[in-house]
Amino acid sequence: PERFLGAVNQGLKALLGPMNSPIFASAFYLVADSKSGELRYSSAGHPSPLHLRRSAGSVEPLKFPQGAHGPSLGLFEDAAFPAARCQLAPGDEVVLFTDGLFEVLGENEEEYGMERLLAAVQQRLRLPADKLFDELLNEARRFAASQQFVDDVCLVGMERRA
């Protein structure tokens, strides 16, 4: 994953470098071994996906060594994108999402935020992905002062069955 993001970064930097204004993209690259349940991943300025450990009853962001994510793609020529690994147990799920989900603004310009998102997922830990996603989207939309999302919102999930 770290080499893949490095190559994408080099290509974007070459393409976007000549422009006068900074243009960049965030990305999260994850490789899952369906037999062993091992995940290998790297991030380029993207929010950490959530690891839903259903048997343990917990939700937490995927971790990185020394907490280090790589920078967004296209900003720095020689950027490093640290890789990490974790194990999915049967029944675990990984939820990837864009920042538009938790950066939505409510009354008084208050952000929905990661803490609310984590709490919302924790409350719905036992739901299947389609229902979980519907409820998360509805809760964030209700929180929004405009009742709409201003930024892009995307949710993708992967569950290990056995």
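Hi everyone. Let me start with one residue: A27 is buried, with a relative accessible area of 18%. The cut-off for calling a residue buried is under 20%, so A27 falls on the buried side of that boundary. Please keep in mind that this is a predicted model.

So where is A27? It lies in strand β1, which covers residues 27-32. If we set aside the neighbours within four places in sequence, A27 is in contact with L5, S42, S43, A44, H46 and L73. For a sense of distance across the model, take A27 and E109: they are 82 residues apart in sequence, and their C-alpha atoms are 27 Å apart in space. I'll come back to E109 in a moment.

Let me step back to the whole chain. The protein has three helices and seven strands. In sequence order, the pattern reads α-β-β-β-β-β-β-α-α-β. The radius of gyration is 17 Å, close to the 15 Å that the globule rule gives for 162 residues, so the protein is as compact as a globular protein of that length. Along the principal axes, the C-alpha trace spans about 45 × 45 × 25 Å.

A few more totals for those of you who like them. Of the 162 residues, 37% are buried. The accessible surface comes to about 9100 Å², and carbon and sulfur atoms account for 53% of that. As for contacts, take those between residues at least 6 apart in sequence: 68% of them join residues at least 24 apart. And on charges, there are 16 positive and 22 negative ones, with mean positions 9 Å apart.

Now to a helix I enjoyed looking at, α2. Which of the residues in α2 are buried? In this helix, residues 113-123, they are G113, L117, A120 and V121. Looking down the axis of α2, the buried residues fall within an arc of 115 degrees, so they line one face of the helix. On the face turned away from that buried side, we find the exposed residues E115 and Q123. And what covers the buried residues of α2? The cover includes strands β3 (50-53), β4 (58-61) and β6 (93-97), together with helix α3 (129-143).

One of those strands, β3, holds my next residue, L52. L52 is buried, with a relative accessible area of 0%. Leaving aside neighbours within four places in sequence, L52 is in contact with S58, V59, D92, E93, V95, V121, L125 and L132. You'll recognise V121 in that list, one of the buried residues of α2. For a contrasting pair, L52 and G11 are 41 residues apart in sequence, with their C-alpha atoms 34 Å apart.

Let's move on to the loops. G45 sits in the loop between β2 (38-44) and β3. Is G45 buried or partly exposed? It is partly exposed, with a relative accessible area of 37%. Neighbours within four places in sequence aside, G45 is in contact with S26, G70, P71 and S72. The C-alpha atoms of G45 and F102 are separated by 15 Å, and the two residues are 57 apart along the chain.

In another loop, the one between β6 and α2, we find N108. N108 is exposed, with a relative accessible area of 78%. It pairs with G45 for one more distance: the two are 63 residues apart along the chain, and their C-alpha atoms are separated by 27 Å.

And here is E109 again, in the loop between β6 and α2. E109 is exposed, at 60% relative accessible area. Now for the backbone. Most residues other than glycine have a negative phi. E109, however, has a positive phi, near 60 degrees, and is not a glycine.

Where else does a positive phi turn up? Q147, also not a glycine, has a phi of about 60 degrees. Q147 lies in the loop between α3 and β7 (155-159). Its relative accessible area is 42%, which puts Q147 in the partly exposed class.

To finish, here are the residues to look for on screen. L52 in β3 is buried, and A27 in β1 is buried too. In the loops, N108 is exposed, while G45 is partly exposed. And for the backbone angles, look at E109 and Q147. Thanks for listening!

Note on methods:
Residues numbered from 1 in each chain as written. Predicted model: local features only at pLDDT ≥ 70, side-chain atom pairs only at ≥ 80, totals over all residues. Heavy atoms only, no water. Helix = DSSP H or I, 4+ residues; strand = E, 2+ residues; numbered from the N terminus. Rg over C-alpha atoms; globule rule 2.2 N^0.38 Å. Buried < 20%, exposed > 50% of the residue type's maximum accessible area, 1.4 Å probe, protein only. Contact = heavy atoms within 4.5 Å. Areas by Shrake-Rupley, 256 points an atom, 1.4 Å probe, with all protein chains shown as cover. Lys, Arg positive; Asp, Glu negative; His and termini not counted. Charge placed at Lys NZ, Arg CZ, Asp CG, Glu CD. Arc of directions from axis to C-beta.
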